[in-house]
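Open the model in your viewer and keep the selection panel at hand. The tour starts with the whole chain and then goes to single side chains.

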Amino acid sequence: MDAHSEQDELDKLKAWWKTYGNSLIAGVVLGVAILVGGKYWTQHQNSQREEASALYEDMLTAARERKGDQLATLAGRLQKEYARTPYAGMGALLAARTHFDAGNAEAARQQLDWAVQNARHEPTVHVARLRLARLHAAGGRLDAALALIPAKDLGGFETEYHELKGDLLLAQGKHQEARLAYRQAIRQQRDLGPHRQVLRMKLADLGDST
């Protein structure tokens, strides 16, 4: 290649760099930032889960030692600082059970409602829904309890939801609808355990020997 050709190539390179160089550098910087940011976010999430897990273990200890005030404080920390982890919802369930056992149904309701609205683990949400509905039913709030039963996406809790629906309809005096709900609960049950007999007894009490 002669000197003239080399100069042409150099001029072309300079022109290309002038046009695209800044974009190239920005792309490289962005790529590095994404990699570093992704690594940081992963580390942050892992750290959050570990810290939340430790708090939940402290809650279990407080529950065993019947330290209700300490348990409530820990549940509040989980919900405020670690709401995006599954431990926050689990902590709400544990706090609700502790409040209920202590005779504080309203505090239990608040914890269950938080779990229904905010828990990130779907099974936790379903368990909270079922318990909150039972709590509403115990307080005579049957319509509020029925409103908590999803129309679809029962998340593997089909039997529990249909049985609950049957109990609530029965409490409202809707015997035929209760029968249908109990039958559906039996159809959805995955095993032949003793609970099937409980469901059959509920049907029998309604004059259904199916």
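What percentage of the 210 residues in the chain is buried? Colour this predicted model by relative accessibility: buried residues come to 32% of the chain. Now switch on the molecular surface. The exposed area is about 13,300 Å², and carbon and sulfur atoms supply 54% of that area.

Next, show the cartoon. The secondary structure consists of nine helices and zero strands, and from the N terminus the order of elements reads α-α-α-α-α-α-α-α-α. For a contact map, keep the contacts with a separation of 6 or more; 48% of these join residues 24 or more positions apart.

Then select the aromatic side chains. How many aromatic pairs does a search of the whole structure find? The search returns one, made by Y56 and Y87. Zoom in on these two rings and check the geometry: the centres are 6.0 Å apart and the planes are at 45°. The pair counts as tilted, because that class covers the angles left between under 30 degrees for stacked and over 60 for edge-to-face.

Select helix α1, residues 3-64, to place Y56, and helix α3, residues 86-101, to place Y87. The two partners are 31 residues apart in sequence, so the pair ties together separate parts of the chain.

Last, go back to the accessibility colours for the two tyrosines. Is Y56 buried or exposed? Y56 has 14% relative accessibility and so counts as buried, the cut-off being under 20%. Y87, at 22%, counts as partly exposed.

Conventions. Residues numbered from 1 in each chain as written. Predicted model: local features only at pLDDT ≥ 70, side-chain atom pairs only at ≥ 80, totals over all residues. Heavy atoms only, no water. Phe/Tyr/Trp six-rings, centres within 6.5 Å; stacked < 30°, edge-to-face > 60°. Helix = DSSP H or I, 4+ residues; strand = E, 2+ residues; numbered from the N terminus. Buried < 20%, exposed > 50% of the residue type's maximum accessible area, 1.4 Å probe, protein only. Contact = heavy atoms within 4.5 Å. Areas by Shrake-Rupley, 256 points an atom, 1.4 Å probe, with all protein chains shown as cover.
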